[in-house]
Amino acid sequence: MLIAGNWKMYKGPAETAEFCLGLREQELEGVDVVVCPAFVSLAVAVQLLAGTEIAVAAQNVHWEQEGAYTGEVSAEMLQELGVYGAIVGHSERRQHFGETDETVARRTEAALEAGLFVIACVGETGEEREREETEEVLRRQVSVLEGDDNLVLAYEPVWAIGTGKTATPDMAQAAHAFIKTLIDVPVLYGGSVKPDSASELLSQPDVAGALVGGASLELESFSAICRAAIRS
Ligand code: 13P
């Protein structure tokens with residue numbers, strides 16, 4: 001079971017340091033834990049979690065090793081810092097920053113090639129679900145990805161992200177089971193996962209863990225979700 005905390009554009013280096021020092025003190029045996037801070041906070045997270053089983057991943061990664069790509073960061077740069085992996089294709093990047101299935105594929109491929117662990121995100125919008133296009137959207141988004149030992153997918157229905165509207169465990173299970181017919185990698189669930197909803201979601205047969213946004217920002221709620229994963 002894998003629990004990843006996506007901190008989005010929260011927590012600079014000082015808050016990251018405070019969180020990581022607290023996280024070190026938690027009993028987290030029996031669950032794989034990853035934190036995904038903003039680029040500027042990666043170094044301090046790597047430093048403070050060194051010697052623990054907790055991994056640090058970035059929230060994005062570029063496909064070139066270096067070049068004239070203002071504002072981007074390469075897999076090699078992340079590795080130099082001791083970063084373990086990266087999230088790719090988060091719906092916020094698709095929505096606000098022009099990320100496409102094609103760029104998601106390029107980022108994923110390059111990151112895996114460089115030896116990073118990748119969490120690639122897929123998921124339908126509320127409108128797409130209403131139009132009963134969920135499977136079609138997932139099929140399109142997954143079709144550009146290839147199975148790899150260092151790849152996991154995160155099913156994040158866009159309508160459930162930051163809205164408090166969690167997918168029901170049955171809905172999550174159905175989407176995960178469908179994704180598993182397309183690609184043979186573990187699938188995390190993301191979208192308003194909270195300590196209260198975690199256990200039931202995580203006990204679904206095809207839910208391999210969670211990608212947590214809001215509830216990963218507080219040590220108490222994040223570690224409660226990690227403990228739920230240990231029990232699942
Ligand atoms: P929330 O848990 O805040 O809904 O965010 C989910 C998410 O986007 C994780 O990547």
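**Exercise 1. Which helices and strands do the buried residues of H2 pack against?**

*Solution.* Keep in mind throughout that you are looking at a predicted model. Begin by finding helix H2, which spans residues 42-49. Next, check how covered the helix is: 6 of its 8 residues are buried. These are Leu42, Val44, Ala45, Val46, Leu48 and Leu49. Finally, look for their packing partners, which are helix H1 (13-24), strand E2 (32-36), strand E3 (55-58) and helix H3 (75-81). As you leave the helix, notice Gly51 just after H2, with a positive phi of about 85°.

**Exercise 2. Find the place of Asn60 and work out which residues Asn60 is in contact with, leaving aside its neighbours within four places in sequence.**

*Solution.* Start with the location: Asn60 lies in the loop between E3 and H3. Then look at its cover. Buried means under 20% relative accessible area. Asn60 has a relative accessible area of 6%, so Asn60 is buried. Now list the contacts: Phe39, Glu72, Leu78, Ala86, Ile87, Arg93, Glu99 and Arg107. Take Ala86 as a case to inspect: Asn60 and Ala86 are 26 residues apart in sequence, yet their C-alpha atoms are 5.7 Å apart in space. One more step pays off here, since Glu72, Arg93, Glu99 and Arg107 are linked in a network of salt bridges. Asn60 is in contact with each of those four residues.

**Exercise 3. Follow the salt bridges of Asp101 and say which parts the pair with Arg140 ties together.**

*Solution.* First take Arg94, whose side chain meets that of Asp101 in a salt bridge (2.8 Å, N to O). Both Asp101 and Arg94 are buried. Then turn to Arg140, which also forms a salt bridge with Asp101, the closest N and O atoms being 2.7 Å apart. Arg140 lies in helix H7 and Asp101 in helix H5 (residues 101-114), so this pair ties together parts that are 39 residues apart in sequence. To finish, compare the cover of the two partners: Arg140 is partly exposed, with a relative accessible area of 43%, whereas Asp101 is buried at 14%.

**Exercise 4. Glu128 is buried: which side chain of opposite charge is nearest, and how far away is it?**

*Solution.* Locate Glu128 in helix H6 (residues 126-130). The nearest side chain of opposite charge belongs to Arg131, 4.9 Å away. A salt bridge needs a nitrogen and a carboxyl oxygen within 4 Å, and Glu128 has no salt bridge. Arg131 instead forms a salt bridge with Glu133, with the closest N and O atoms 2.9 Å apart. Arg131 is partly exposed at 49% relative accessible area, and Glu133 counts as partly exposed at 21%. Leaving aside neighbours within four places in sequence, Glu128 is in contact with Glu133, Thr134 and Val137.

**Exercise 5. Inspect the backbone at Lys11 and Ser192, and decide whether Lys11 is buried or exposed.**

*Solution.* Recall that most residues other than glycine have a negative phi. Lys11 has a positive phi of about 70°, and Ser192 has a positive phi near 55°. Now place them: Lys11 sits in the loop between strand E1 (2-6) and H1, while Ser192 sits in the loop between strand E7 (187-190) and helix H9 (195-202). Lys11 counts as buried at 12% relative accessibility. Ser192 is buried too, with a relative accessible area of 8%.

Definitions and conventions: Residues numbered from 1 in each chain as written. Predicted model: local features only at pLDDT ≥ 70, side-chain atom pairs only at ≥ 80, totals over all residues. Heavy atoms only, no water. Buried < 20%, exposed > 50% of the residue type's maximum accessible area, 1.4 Å probe, protein only. Helix = DSSP H or I, 4+ residues; strand = E, 2+ residues; numbered from the N terminus. Contact = heavy atoms within 4.5 Å. Lys, Arg positive; Asp, Glu negative; His and termini not counted.
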